[in-house]
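Q: Please pick one part of this model and take me through it closely. I'm new to this, so plain words would help.

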Amino acid sequence: MLLLFFAFALSLSVAVLLSNNKLVTKILSFAFIIIQLLFSIYTFFHLGEYDTDYFKYDSLGVLLSFVLSVLSLATFYHSIIYLKRHQCNIKHESVYYASLMMLITTMMSSYFAENIAVMWVSIEATTLLVSVLIFHERTKEAVEATWKYLFISSVGVAFAFIGILFLSMAVELEASGNLSLTNLVSKAHLMNPIWLKIAFLLVLTGFSAKMGLFPLHTVAVDAHTVAPPPISAFISTTLMNVGFVGIFRIFTVISHSSILHWAQNVLLVAGVLSVFMSTIQLLRIKHFKRMFAFSSLEHMGLVALGLGIGGLGYYAAILHLVFHSFVKASLFYQIGQVQQFFKSYWIKDSSGYFKLNPTGGMAMILGLISISAIPPSGLFMSEFMLFKTMVLSGHLYITIIVLLLLSIIIYVFCKNIFHLLYDSPPAHFNLNDIKINSYESISQFVFLFLVIYLGINPPLFFTNLIQSALVILN
């Protein structure tokens with residue numbers, strides 16, 4: 001079934017690429033979204049089943065595929081608005097939609113890859129496809145950011161590839177060259193700890209470029225700055241989830257070996273450094289999209305801390321990952337509307353937004369509350385679980401340091417968002433030049449209220465998916 005989905009996606013992407021009609025392009029894109037959503041539903045009802053020898057519908061993949069499907073629908077909707085607003089020609093529009101469809105397809109492949117080598121190939125493919133989307137506006141800044149993304153991401157994925165090679169060598173020493181996750185987990189206790197340590201360090205470093213985690217987090221920041229807002233939403237959410245899956249799969253193998261405690265300490269260091277680097281950068285930030293990008297670094301650091309703590313921290317990490325996806329996407333969708341008003345993403349150029357667009361202003365306020373993990377945000381629940389586990393596990397000093405850093409981050413966010421909302425509009429601003437789309441903020445309200453609901457009253461199937469995804473760690 002997965003191969004059939006790949007075939008449909010490839011056929012529709014080629015058809016979009018060859019199409020010279022905007023209506024046909026939108027119809028084919030809508031057909032792709034429907035097929036993707038139906039496939040996600042199919043995987044839920046076939047949970048735990050294999051699809052060929054290389055893919056498996058495991059709980060983590062199913063959960064993240066649902067997040068991807070929902071955000072894909074919103075991203076296509078906001079892409080339509082964005083492309084219409086910028087009067088994009090049909091050729092560039094076709095390339096945009098075709099690349100976006102194939103990017104979604106390769107992310108689905110990454111989520112369900114049961115074979116580590118296939119997962120690596122899928123993640124590498126996302127690098128090429130997202131680079132096309134970063135380059136969409138074809139400006140000098142876009143060219144620079146695209147090449148930087150290609151270079152650093154490729155170097156990162158190369159590190160991950162070397163790590164997988166070390167892992168395969170450890171497997172072959174046990175007379176089994178099968179790189180399926182099931183086989184690796186069953187043989188993990190027999191593998192040489194030195195090989196496993198080298199493999200984990202290389203994979204963590206390499207896939208940190210995708211997850212937006214220290215040390216290769218910088219690659220995503222420039223990409224956010226120049227990419228269209230709907231694509232920035234994808235880079236900062238579902239694509240970071242791909243990086244998490246890559247690290248999580250290898251961590252799963254490590255969890256059944258003698259070096260689990262060592263690997264968790266490495267994740268704790270990476271998590272604290274990520275939050276620290278985010279704080280330092282946010283103190284000097286002057287650009288809204290870069291602010292959101294460094295905020296993603298902070299939240300991925302918290303996810304790494306969850307894996308590093310273990311126990312309830314595992315659950316908090318995945319819960320935080322899901323909630324962050326919806327909240328951060330909402331902020332990027334809304335900042336696209338802000339740019340329509342002020343023709344700029346620079347903080348100094350944007351103010352008085354609440355008076356000019358009350359609906360968008362309310363969405364931004366709710367987004368600020370949510371991303372800051374202030375109740376009733378679902379992120380409050382995931383962070384509460386995380387810090388409770390950290391205190392109970394004896395990591396009091398780390399807890400205090402991270403909480404202090406988060407306090408600074410919340411201050412910076414509030415200062416800049418309040419400036420956007422309530423300061424006097426720029427002197428050169430003319431509201432008559434703006435066409436307000438009253439429906440553009442609907443997706444943000446839906447996602448932000450969804451995060452509140454899932455945090456307060458999560459449905460049973462949602463919690464079961466997260467718990468099932470963690471069974472393999474025990």
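**Empty spaces and a helix beside one of them**

A: Let's start with a hole. In this predicted model, the largest cavity has a lining to which H3, helix H10 (229–235) and H14 each supply at least two residues. That cavity has a volume of about 80 Å³. Its lining counts 13 residues, and Tyr82, Arg85, Pro229, Pro230 and Gly336 sit closest to the centre. Sort the lining by class and you get seven nonpolar, four polar and two charged residues. In total, there are three cavities of 30 Å³ or more. How do you find gaps like these? Rolling a probe the size of a water molecule over the atoms shows where empty space is left.

Now for a pocket. The second largest pocket holds about 260 Å³ of space. Its lining is made of 16 residues, with Lys56, Asp58, Leu181, Arg249 and Ile472 nearest the centre. Four helices each give two or more residues to that lining: H3 (59–85), H7 (181–187), H11 (238–254) and H20 (460–471). H7 gives the most, with three residues. By class, the lining of this pocket has eight nonpolar, four polar and four charged residues.

H20 is the part to zoom in on. This helix has 12 residues, and from its first C-alpha to its last it reaches 16 Å, close to the 16 Å expected at 1.5 Å a residue. Which of its residues are buried? They are Phe462, Thr463, Leu465, Ile466, Ala469 and Leu470. Look down the axis of H20 and those buried residues fall within an arc of 155°, so they line one face of the helix. Over on the other side of H20, Leu460 and Val471 are exposed.

So what covers the buried residues of H20? Among the elements doing that job are helix H2 (22–45), H3, H11, helix H14 (312–342) and helix H19 (442–456). You've met some of these already: H3 and H11 also help line the second largest pocket, while H3 and H14 help line the largest cavity.

One last stop is the loop between H19 and H20, where you'll find Pro458. Pro458 counts as partly exposed because its relative accessibility is 32%. Leaving out residues up to four places away in sequence, Pro458 touches Tyr453 and Thr463. Thr463 is one of the buried residues of H20. And if you compare Pro458 with Glu383, the two are 75 residues apart in sequence and 16 Å apart in space, C-alpha to C-alpha.

Note on methods:
Residues are numbered from 1 along each chain as its sequence is written. This is a predicted model: local features need pLDDT of at least 70, side-chain atom pairs count only at pLDDT 80 or more; totals for chains, interfaces and linings use all residues. Side-chain values use heavy atoms; hydrogens and water are left out. On a 1 Å grid over the protein atoms alone, a cavity is a set of points where a 1.4 Å probe fits but cannot get out, and a pocket is an open set with protein on both sides within 12 Å along at least five of seven lines; lining residues have an atom within 4 Å of a point. Grid points are joined across faces, edges and corners, and a volume is the space filled by probe spheres set on the points. Ala, Val, Leu, Ile, Met, Phe, Trp, Tyr, Cys and Pro count as nonpolar, Asp, Glu, Lys and Arg as charged, and the others, Gly among them, as polar. The expected span of a helix is 1.5 Å times one less than its number of residues. Buried means under 20% relative accessible area, exposed over 50%, partly exposed in between (1.4 Å probe, protein chains only). The arc is that of the directions from the helix axis to the C-beta atoms. Contact means heavy atoms within 4.5 Å.
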